[in-house]
Amino acid sequence: MTNEAIPDLMAFDDAGLDEAFGGLERRARVEATFISNVADVEKFRLEWLGRKQGRLNEVSSRWLKAAPPEAKKALGLRFNALKEFVEGLLDAALGGGPSDSALKAEAIDITLPGSRRLTGAEHPITRTMNEIVAVFAALGYSVGVGPEVETDFYNFESMNFPHGHPARDTQDTLVVAGQERRPVRDRLLLRTHTSPVQMRTMELVPPPVRIVIPGKVHRNDAADATHSPIFHQVEGLCVDHNIAFSDLKGTLDHAMKALFGSAVKTRFFPSFFPFTEPSADVQISCIFCGGKGCRKCKQSGWIELLGCGMVDPAVFAFAAEKQPAYDARQISGFAFGMGVERIAMMKYGISEIGQFFAGDMRFLGQFA
Amino acid sequence: MKIITKWLRAYLPQLAVDDAQLAEDLTLRGIAVEGIFSLGEGNGSVYEMDITTNRVDAMNHYGIAREAAAIYGLVLPALHFALPAPKPAAKPFSVQIEAQDACGRFTARVLRGVKIGESRDWFAGGEVASYFALLQQKTISNAVDATNYVWLAMGQPTHVFDLDKLEGGIIVRRARKGERLKTLDGVERALFEDDLVVADHKKAVGLAGVMGGWDTMITPETRNVLVEAAWFDPMAVRQTARRHGLHTDASHRFERGADFDAPPVASALVSAILLANSGWIEGELVDVRVAALEERTARRNPIALQLSEVDRILGATEDEEGITAATVETILTSLGCGLASQPPAMGQTFGQDLWLVTLPSWRLDLEREIDLIEEVARVYGYNRFASTLPAFGGGVRSLPWAEKETAVRAVLLAAGLHEAIGSSFCSAAEAALTAPQPGQVVPLGNPLSEEADVLRPSLVPGMLAMIAGNLNRDVGDVRLFELGTVFAGTTEKVEERMALAVGAVGSLPEQSALHPARQIEFYDVKGVVEQLLDRFELRAVYFDRFPREAGITPGWLHPYRAARAVADGVTVGWFGQLDPREATARKIKGAVLVGELYLDRVFKSALRKPVAHEISRYQPVHRDFSLVLNEGVAWERIDRALSDLHIPELVDWRVREVFRDARLGEGEYALLVGTTFQAQDRTLREEELQRFQARVVEAVGKAGARLRV
Ligand SMILES: [Zn+2]
């Protein structure tokens, strides 16, 4: 290969150097675009960087040597810049990597399933409970909890259950052994509802109170499709000056819409709980049929979801023993409670309550 | 309970709405109609009712007619049954109430010349045959049916005796020691001394308010009867019924409070039905009352009701007008209350409406002002109240450990464990095996079963049960955790703590078409525990194990594949492989990994706050050391030796491989340890590195390792 491409350099001023080096740069760039395979790369390398006949070698031996002393430094800098430029082009050409055919040999079946790092699933009860708590937190409710083993006082007496009330019977309530000799109010049992935390909260905090209480409860129930000796509730309590029944309605209507969608309607029925008066059962319009009537709502268009009511003055009287500000003449409030399993069963289409407590991987995995 | 609308409409002929509308209106007022079934042309419907236990007064046809009248503002005529004039008696039938605390009223009427036979429709208001047919209630005899009819009509229990079997008059008293009574169900009963009985002068003839006696019952031969209609105290009846394991219609009503004023009316209806067939009345109605009990029931003191209180409790209505004084008066009057206006008391604002309300004898559930407010709300209609949201100005507090629980759960979920909720109970044997504090196990007084007779002291039994359940269902890959309460202490004082259990068997949480699954092993669980503890601000976490003889390792763990986790000097949990003997006992195959962490202890530490460190700009240098160790030398020794070097530039070291092969000496194994050297402020020079390496070799040598050459 001859290097007639490298003319002798006549002008060593800036303009002359610009023109000479600029020309070589443009030329290298153009030639680099024609590189398409490994052989081309090698050819380009030899033409420009070859030790004996490479153009840069030529430039070095002909221009540098010919340069007058005062131009040598400027020329040297430009020479190095050109060399880096050409090396860069070569790197870029080399970085192009293997050929298409080489790549084709590396083809994989992208239709095989992806490898999955499986994550765990939160329990549907935890998930539902957290959703309910979040709805009420947004309404200004703090979160409270209480013990699962309670005294008769907190579970029944302070919640205004009369002595001899059927719920106090061991047929309905699981009790700790060896309580017979103790005063009734101190007897230990597994709380049958989260309501005792209402009293525990009021004893600690004067009004106003807004609290939502998620928790596990137990009853002496034989297990069937809809009953389990273990289940969960979320209880709520709101006490302040001038809390009225219409506030209870508004709060629960809002909460049900937040939980089940804004199209959901609520309606309230008189009911009976010892610790609230007036008491109500709340139904929501069926989330499956929108209220038209289906099998899930037994054609009624409504689903019963929770119990609630205005806090009974007798309950306030118990609270006032420790916090006199719970004077039923001055303050009022409402309480509500809902079964988490029932809501989760409805939301996720679960037919057997026992599935929540069986630890079946196949069941739990559906909630990942 | 069943209600037929034909009967209802007989009591309230002005009722204009159809059966479906009536059912809905009743339901919305708390008198729940659960189902409506048409009985065919002209027969109306039968309602299946579900009435809350506080409303026993409405568990009968007249009671529901009263509710309907209140809803529609109609007037319900009082019940009245005309009886023929009695023939005079030689002397009044003798009735004595000895148990003055338990029997408030006892009425007795003597009927003679009656004829026991089939029931018919006797007169208007006495349509026994046709109403029973609609209710699909079997007729038995005119006498038995008469008492049942009165029960269904007005909810008052009554009883008829064969008068000729009674010896002397009636005494209501407590049972005597050793007294016996054969009741109508044919059971011969030994009576308890506190039992309330209806007796004649010789013997008990009935458990008062619960069930009549066998020997004095009506037979086809009966000619003369005594009609009993009475009021018994709820507690006395409840205790008597409970002691004998009986629950009857009568006891149900008396236990919840009967109507003190109802007995004469009920007696009249029973008598009218019997006399419609044959017979006459002898003597006037004997009606013995106990004033103290009458005052507590039918003649209670009126209670004050204030309109402003109604507003305060109930709030806004959808109707602009709201609940007016007229609304309150109309509703309460229709329910049988008497309202007397009261002038405002001293200091009260002029114009405040205040009433004194007298209470109906059949509504013993009404005792306080709030009870009346509830009645107003109920009859007015809950769904006519507005939906308002109370103003709120406070802050919201979450549980102090909520954030920690969330952090723990996040680690576990990311590790591929599903959250489970197991039983709160276990057997005493499982409790003995797993209780972290031996002996602190709390038994239940009325356990669900023998296998669930104590409160769980540990989450491990439940976890093992769930693992076994999965394996039994042929689910071989199990990865579970449970966050829950465990119980300790005594039956006097139960302590509750929060614990975490993890359990796993089978393959890792990875699903790949290309790579074989790897079995979960001890180190996978240890990794989860480490990651979890890493989330907390702990100065020192280590894991240790004990020789079997030390008796420290929990019995459920494989003695040589178990570790204790210690954080800042406190035991925070145990984990490892389930003792294969326990696995066999539970029919579990395969190496099950299980552990329990005492979260109450872990949660005493704060969550670790991430702190960013300057990342060195200088090149790290990696050096591997191939070590040969005696089997008795654990990694921990090497690890500590490297740590004790305190070389700031030794920024990381880890085990890269553990292997055992034939080229090693007897009882030896090899570790490939990777180290990383890096300085914050300079590139490390070769001679520095040489010095560090030499120190590493010396340290591990002292710890019992030699370099493999
Ligand atoms: Zn539906």
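Student: Across which strands of chain B does helix α2 lie, and at about what angle does the helix run to β2(B)?

Tutor: In this predicted model, helix α2 of chain B, residues 19–28, lies across β2 and β3 of chain B. The helix runs at about 170° to β2(B).

Student: What makes β1 and β2 of chain B edge strands?

Tutor: The sheet is open and has three strands in the order β1-β3-β2, with antiparallel pairing. β1 (2–4) and β2 (32–38) of chain B each pair on one side only, and they are the edge strands. On average, neighbouring strands of this sheet are turned by 30° against each other, direction ignored.

Student: Why do β1(B) and β3 of chain B count as paired?

Tutor: Pairing requires at least two bridges between the strands. Three bridges join β1(B) to β3, residues 45–50 of chain B, so the criterion is met. The two strands run antiparallel, and B:Ile3 stands opposite B:Tyr47 in β3(B).

Student: Why is the contact between A:Asp14 and A:Arg78 called a salt bridge?

Tutor: The N to O distance between these side chains is 3.9 Å. The cut-off is within 4 Å, so the pair qualifies as a salt bridge. A:Asp14 belongs to helix α1 (residues 14–33) of chain A and A:Arg78 to helix α4 (residues 69–95) of chain A, 64 residues apart; the pair thus links distant parts of the chain.

Student: Why is A:Arg78 called partly exposed?

Tutor: Its relative accessibility is 24%. Buried means under 20% and exposed over 50%, so A:Arg78 falls in between.

Student: How do you know that B:Asp101 and B:Arg174 form a salt bridge, and where do they lie?

Tutor: Their N to O distance is 2.6 Å, which is within the 4 Å limit. B:Asp101 lies in the loop between β4 (95–97) and β5 (103–112) of chain B, whereas B:Arg174 is in strand β7 (residues 170–174) of chain B, 73 residues apart. With relative accessibility of 47% for B:Asp101 and 27% for B:Arg174, both residues are partly exposed.

Student: Is B:Glu294 buried or partly exposed, and what of its salt-bridge partner B:Arg299?

Tutor: The closest N and O atoms of this salt bridge are 2.8 Å apart. B:Glu294 has a relative accessible area of 13%; this is under 20%, so B:Glu294 is buried. B:Arg299, at 40%, lies between the two limits and is therefore partly exposed.

Student: How many salt bridges are counted over all chains?

Tutor: The count comes to 74. In addition, a network of salt bridges links B:Arg55, B:Asp57, B:Glu67, B:Arg363, B:Asp365, B:Glu375 and B:Arg378.

Methods
Residues numbered from 1 in each chain as written. Chains lettered and ligands numbered in written order. Predicted model: local features only at pLDDT ≥ 70, side-chain atom pairs only at ≥ 80, totals over all residues. Heavy atoms only, no water. Helix = DSSP H or I, 4+ residues; strand = E, 2+ residues; numbered from the N terminus. Axes fitted to C-alpha atoms, helices over the stretch in contact; angles between N-to-C directions. Contact = heavy atoms within 4.5 Å. Buried < 20%, exposed > 50% of the residue type's maximum accessible area, 1.4 Å probe, protein only.
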